[in-house]
Amino acid sequence: MPRFSVIVPTHGVAGRLAQALDSVLSQSFGDFELIPVCDAPDSPAGTVAAAYAARDSRVAPVHSPPSGGLSAARNAGMAAANGMYLLFLDGDDDLVAGALGALDIKLRADTDVLYFGHERVHWWEGESSRPPLDKDPEVIGVHVPAWSAAYRRAFLTENGLTFPGGHFTDAGWGGLVTLASERTAVLHTVCVRHHLRRQGSRLNTPGEHHFELLDQVASVLARAAEQTVSAAKAHALFGQLFALVLKTAAHPTRVPPRRRRAFFRRAGRLYRRHRPAGFRPPPGSLGVQHRLLATGAYSAFRALRGANQAAAKAAQKVPRPKMLRTRVLYAAHLRRALDENLAVYCAYWGRGYACNPAAIHAKARELAPHIRSVFLVEPEAVDALPKGIDHAVIGSHRSWEVLARAKYLINNANFADGVVKRPGSVHVQTQHGTPLKKMGVDQSTYPVVAAATGSFTKLLTRVDRWDYNLSSNRHSTQMWERAFPGTYEALEYGYPRNDVYYTATADDVARVRERLGVPEGRTALLYAPTHRDYSTGFEARLDLEAFCEEIGEDFVVLLRAHYFYDEGDRRKSSGRIIDVTGHRSSEDVCLAADALITDYSSIMFDYANLDRPIVVYADDWEIYRETRGVYFDVMQAPPGPVARTPQDLARVFTEASYADSASTALRARFRERFCQFDDGRAAERVVRRVLLGEPPEAIPPVVPLAERLPAPAASTLVRS
């Protein structure tokens, strides 16, 4: 029997789950079992937990459907536990180093519950607070979260204690544990670091669910009436429970206005029915609230709460367009009804018809022709738009009109700060790559990047508009959760822009190569370096003329600079170096290329769908990792050969190692991890789910392009 069973519910916290599990597995005291409770084996958290279980026999995942909520997950963990003592750790929290050792020393054989200290950490890893523990351990249960105590398993079993259902399960659990426990103790040492989520707790949001608090209180008080409880414990428990009730009743927004009187009246009935003999309200304003509740004086209670209500109703400041006339017009359009059949798209801050928004737009014209679509573009991008694409220039009166009226807003970056998220509108964030480098708020600790990012507050305000966020692999799902904390739903559908890698034909590839000027019979190497935050302007980072000379006449290089540098490096253009930076579609460029050379660009994840060779040219990996921050070490899990110098890079091609069996094996592992959801049907899934309101059925995948092309046209041409 292990000394401890650490139970970790994981729903909705896959992005930080690894950190939580590591905090347990790295404890110096090793006599424990770790039980992650996951929605399903193939859920984001289930995948993480399974990987840990494969590496460490102490990890034993169990499963509980998300419909059961937190209480069901904890109960499932309890049912599977074998330890002498149980601990409950939220999936985005940390067990402080040395915590299990400290608990082991403090625990005695007859201890039912050991309450310990915890630290609450602001979601931005900023300021923290340490709520004090009451001096008397016998009566602190209601105010202590379940994850801030160790419970003797035999004590819980003997008393039939399980977590009650509902949103306020900790209050009910704490009350029932307080009633049943006879031998409690306190350890003031901080053992858990609790991370407050940016989106907050549902317990603090408005809604009918706050009546469930009264259900929990009624259940605890009914159990107390059946037991013989000391007067001191009865008085303390009653006071704790109604402190929670009055805090909710006095809050300016939690209980809906039309239901506040009903909440107060039901709470008053519970108060009068279960008030222990001799109970005296606490002094001060809380005591006044106790007396008003006892007498059912709701009008007086409402007057007492007035100041808080006024503060809560302070008008929210809404950002608006800068020009006065535009502001007036936008405000007027916002007062009009949403157009249920209007969708607005934008890609790369208006650079043109591209990426995931363009792919969704094209599929929507096919599957949802009743929905009118408008693409937002900058003035210089208008002439390059495909024929038949309705558009509006960003900043024009029409652009603000459609932004105000559209039911659907779809972007791979973000709409302007002035765009208002209207009730009933649906915002889809498609993203435009798989995160290798740090993104969003994770950039805050990297000064060079943070300075360029601007206001993280504004960034998060934009994130708050998202209803859906696309993901092409489980890694992305988890990193987006960390980088962009919000309440959106992750759609693990793949990237619509990558559908073409599965649907294109040999003729399509030939046409693209001809359009880009790739000479027939040559092997085209796409060189696509990413942006460097520590430098200004585009740097090829490779002498392409010398590189071409070194690798021989059989190869040509397609140069595609990062989209920040639309002009690329045209001074380098020559017969064997074709600058394709200005070409609208990066997907076309990838289709034309027989192999990819990149550094840390997310293009490697998209290109991997083609199952063609990828070579990583990492001449400044240490500097890039230090200044930009990364989510994983591409040197340890590359998609193909890694070269650190121009000479090494040339050798990869002269010796043909870029296409050998070792390269193929590396690429296969990379594809398994990062092409997880791409199968040629991503755009269809998005359109059906978001625009048509249909649950995406099991759509059969498309046969990959590499399996459909004849051998001479498919990817690599290894020449003698």
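Visitor: What makes α6 roughly parallel to α7?

Guide: Start with the two axes: in this predicted model, those of α6 and helix α7 (residues 211–226) come within 8 Å and cross at roughly 10 degrees. Angles under 35 degrees count as roughly parallel, so α6 is roughly parallel to α7.

Visitor: Which residues in α6 and α7 meet?

Guide: On the α6 side you'll find Thr-169, Ala-171, Gly-172, Gly-175, Leu-176 and Leu-179. They meet Leu-213, Gln-216, Val-220, Arg-223 and Ala-224 in α7.

Visitor: And why is α8 called roughly perpendicular to α10?

Guide: Here the axes of helix α8 (residues 231–250) and helix α10 (residues 285–295) come within 11 Å and cross at roughly 85 degrees. The range for roughly perpendicular is 65 to 115 degrees, so α8 and α10 earn that label. Phe-242, Leu-246 and Ala-250 of α8 make the contact with Leu-286, Gln-289, His-290 and Leu-293 of α10.

Visitor: How many aromatic pairs does the structure hold?

Guide: It holds 31 aromatic pairs, and one of them joins Tyr-151 and Trp-173.

Visitor: Why is the pair of Tyr-151 and Trp-173 called edge-to-face?

Guide: Two values are needed here, because a pair of aromatic rings is described by the distance of the centres and the angle of the planes. The centres of Tyr-151 and Trp-173 are 5.3 Å apart, and rings pair if their centres lie within 6.5 Å. Their planes stand at 75 degrees, and planes over 60 degrees apart count as edge-to-face. So edge-to-face is the right name for this pair.

Visitor: What makes this a link between distant parts of the chain?

Guide: Tyr-151 sits in strand β8 (residues 149–152) and Trp-173 in helix α6 (residues 169–180), 22 residues apart. Phe-88 and Phe-163 join Tyr-151 and Trp-173 in one aromatic cluster.

Visitor: Are Tyr-151 and Trp-173 buried or exposed?

Guide: Tyr-151 has a relative accessible area of 2%, and Trp-173 has 2% too. Buried means under 20%, so Tyr-151 is buried, and so is Trp-173.

Visitor: How do you know that the charged end of Arg-673 sits over the ring of Phe-632?

Guide: The charged end of Arg-673 is 5.0 Å from the centre of the Phe-632 ring, and the distance limit is 6 Å. Direction has a limit as well, within 35 degrees of the ring normal. Elsewhere, Arg-55 lies over the face of Tyr-52, at 4.5 Å from the ring centre.

Visitor: How do you know that the buried residues of α24 are on the same side?

Guide: First, who they are: Leu-649, Ala-650, Val-652 and Phe-653 are the buried residues of helix α24 (residues 646–654). They cover an arc of only 150 degrees around the axis, so they are on the same side of α24. Here's some helpful background: an α-helix has 3.6 residues a turn, so residues three or four places apart point the same way.

Visitor: What covers the buried residues of α24?

Guide: The cover includes the helix α20 (544–551) and several strands, among them β17 (523–528), β18 (555–559) and β20 (595–598).

Visitor: What comes after α24?

Guide: Ala-656 follows, with a positive phi near 60 degrees. That's worth a look because most residues other than glycine have a negative phi. Ala-656 is found in the loop between α24 and α25 (661–674). With 18% relative accessibility, Ala-656 is under the 20% limit, so it counts as buried.

Visitor: Why does Asp-611 count as partly exposed?

Guide: Asp-611 has 29% relative accessibility. Partly exposed runs between the limits of 20% and 50%, so the label fits Asp-611. Asp-611 is found in the loop between α22 (603–607) and β21, and its phi is positive, near 55 degrees.

Visitor: Why is Trp-466 called buried?

Guide: Its relative accessible area is 6%, so Trp-466 is buried. Trp-466 is found in the loop between α16 (456–463) and β15 (468–470). Leaving aside neighbours within four places in sequence, Trp-466 is in contact with Asn-414, His-427, Gln-429, Gln-431, Phe-484 and Tyr-488.

Note on methods: Residues are numbered from 1 along each chain as its sequence is written. This is a predicted model: local features need pLDDT of at least 70, side-chain atom pairs count only at pLDDT 80 or more; totals for chains, interfaces and linings use all residues. Side-chain values use heavy atoms; hydrogens and water are left out. Rings of Phe, Tyr and Trp (its six-membered ring) pair if their centres lie within 6.5 Å; planes under 30 degrees apart count as stacked, over 60 as edge-to-face and the rest as tilted. Helices (H or I, at least four residues) and strands (E, at least two) are DSSP runs, numbered from the N terminus. Buried means under 20% relative accessible area, exposed over 50%, partly exposed in between (1.4 Å probe, protein chains only). The arc is that of the directions from the helix axis to the C-beta atoms. Contact means heavy atoms within 4.5 Å. Axes are lines fitted to C-alpha atoms, for helices over the stretch in contact, and angles run from 0 to 180 degrees between N-to-C directions. Angles under 35 degrees count as roughly parallel, over 145 as roughly antiparallel, 65 to 115 as roughly perpendicular and the rest as oblique.
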